[in-house]
Amino acid sequence: MVYVDNDPIVHGHGKMMLEENTASTAVILQDMRDTNAVFRSDEVRRLIDLGKPVACLFVSVLHCLPEKDDPWKLVRDVARRLPPGSYMVISQLASDDEQLRSDITQFMHRITGGKWGEVRSLAEVNRFFDGLELVEAPAPCEVSLWRPAGDLGPRQRTKEWVEYGGVARVP
């Protein structure tokens, strides 16, 4: 398992938390948008065997990227680098209420000094799965519904905005 983050504080905490398990985990200080650097990193080459299927998780992180950074291209680039049969888990904050998306995005920009992406529409999140094979219908969906019969955690009570995503296989 390799965790990728470009925040030095997150990186420091991650290294501290994983220091007892460096044989199978690592955290790298890298911008996920620089896929060349991520895939070239010593830790990725040491821990991830790209000769067999792997999993890549973009969980609650793509909304940190603004549209100008083309997060869809990022996901396509990572999928292209993964062996067939690999899986991708993708989720992000989403809403089909345009005003609510704008309000949340503006609020997050204020509290982060403009270092945040945006809440996207469900259709925009669905685009992340283009070219991939969705696993389990209904997918994508509000993520607390992935295992609706299970008792793993609380369900989303409102639908104005949700954590929306799915699981897909790289063909």
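When I speak of helices and strands this morning, I mean DSSP runs numbered from the N terminus, with at least four residues for a helix and at least two for a strand. Counted in that way, the secondary structure of this protein comes to 6 helices and 7 strands, and I should say at once that what we are looking at is a predicted model. Following the chain along its sequence, one reads the pattern β-α-β-α-α-β-α-β-α-α-β-β-β.

Let me begin with the overall dimensions. The protein has a radius of gyration of 17 Å, which agrees with the value near 16 Å that a compact globule of 171 residues would have. Taken along the principal axes, the C-alpha atoms fill a box of roughly 45 × 40 × 35 Å. Of the 171 residues, 40% are buried, and the accessible surface comes to about 10,300 Å², with 55% of that surface belonging to carbon and sulfur atoms. If we take the contacts between residues at least 6 apart in sequence, 69% of them join residues at least 24 apart. As for charge, there are 21 positive and 26 negative side chains, and the centres of the two sets lie 4 Å apart.

I would now like to turn to helix H4, which spans residues 71–81. Which residues of helix H4 are buried? They are Pro71, Trp72, Leu74, Val75, Asp77, Val78 and Ala79. In general, an α-helix has 3.6 residues a turn, so residues three or four places apart point the same way. The cover over the buried residues of H4 includes two helices, H2 (35–40) and H6 (122–126), together with two strands, E3 (55–59) and E4 (87–94).

Two of those covering elements hold residues that I would like to set side by side. In strand E3 we find alanine 55, which is exposed, its relative accessible area being 55%. In helix H6 we find valine 125, which counts as buried because its relative accessibility is 0%. Leaving aside neighbours within four places in sequence, valine 125 is in contact with Gln92, Ala94, Arg120 and Tyr164. The C-alpha atom of valine 125 is separated by 31 Å from that of glycine 12, a residue 113 places away along the chain.

The loop between E3 and H4 deserves a moment for its backbone. Serine 60 sits in this loop, and although it is not a glycine, it has a positive phi of about 55 degrees. Aspartate 70 is found in the loop between E3 and H4 as well, and this residue, again not a glycine, has a positive phi of about 50 degrees. Serine 60 counts as partly exposed at 33% relative accessibility, and aspartate 70 counts as partly exposed at 27%.

On the other side of H4 in sequence, serine 86 lies in the loop between H4 and E4. Is serine 86 buried or exposed? With a relative accessibility of 0%, serine 86 counts as buried. A polar atom of its side chain lies 2.7 Å from the backbone oxygen of proline 83. Not counting residues up to four places away in sequence, serine 86 touches Pro53, Val54, Ala168, Arg169 and Val170. Proline 83 also brings us back to alanine 55, since the two are 28 residues apart in sequence while their C-alpha atoms are 9.9 Å apart in space.

A similar side-chain arrangement can be looked at in helix H5, residues 98–112, where threonine 105 has its place. A polar atom of the threonine 105 side chain lies 2.8 Å from the backbone oxygen of arginine 101. Threonine 105 counts as buried because its relative accessibility is 13%, under the 20% that marks a buried residue. Beyond its neighbours within four places in sequence, threonine 105 is in contact with Trp116, Gly117, Glu118 and Val119.

I will finish with strand E7, residues 162–169, and with glycine 166 inside it. Glycine 166 counts as buried, with 1% relative accessibility. Which residues does glycine 166 contact, once its neighbours within four places in sequence are left aside? They are Met88, Val89, Ile90, Phe129, Pro140 and Trp146. Its C-alpha atom is also 7.2 Å from that of valine 143, a residue 23 places away in sequence.

How values were computed:
Residues are numbered from 1 along each chain as its sequence is written. This is a predicted model: local features need pLDDT of at least 70, side-chain atom pairs count only at pLDDT 80 or more; totals for chains, interfaces and linings use all residues. Side-chain values use heavy atoms; hydrogens and water are left out. Buried means under 20% relative accessible area, exposed over 50%, partly exposed in between (1.4 Å probe, protein chains only). Contact means heavy atoms within 4.5 Å. The radius of gyration is taken over C-alpha atoms; the globule rule is 2.2 Å times the number of residues to the power 0.38. Accessible areas come from the Shrake-Rupley method with a 1.4 Å probe; for residues, only the protein chains shown count as cover. Lys and Arg count as positive and Asp and Glu as negative; His and the chain ends are not counted. The place of a charge is taken as NZ of Lys, CZ of Arg, CG of Asp or CD of Glu. A polar contact is a pair of N or O atoms within 3.5 Å; within protein, one must be able to donate a hydrogen and the other to accept it, and residues adjacent in sequence count only if both atoms are side-chain atoms.
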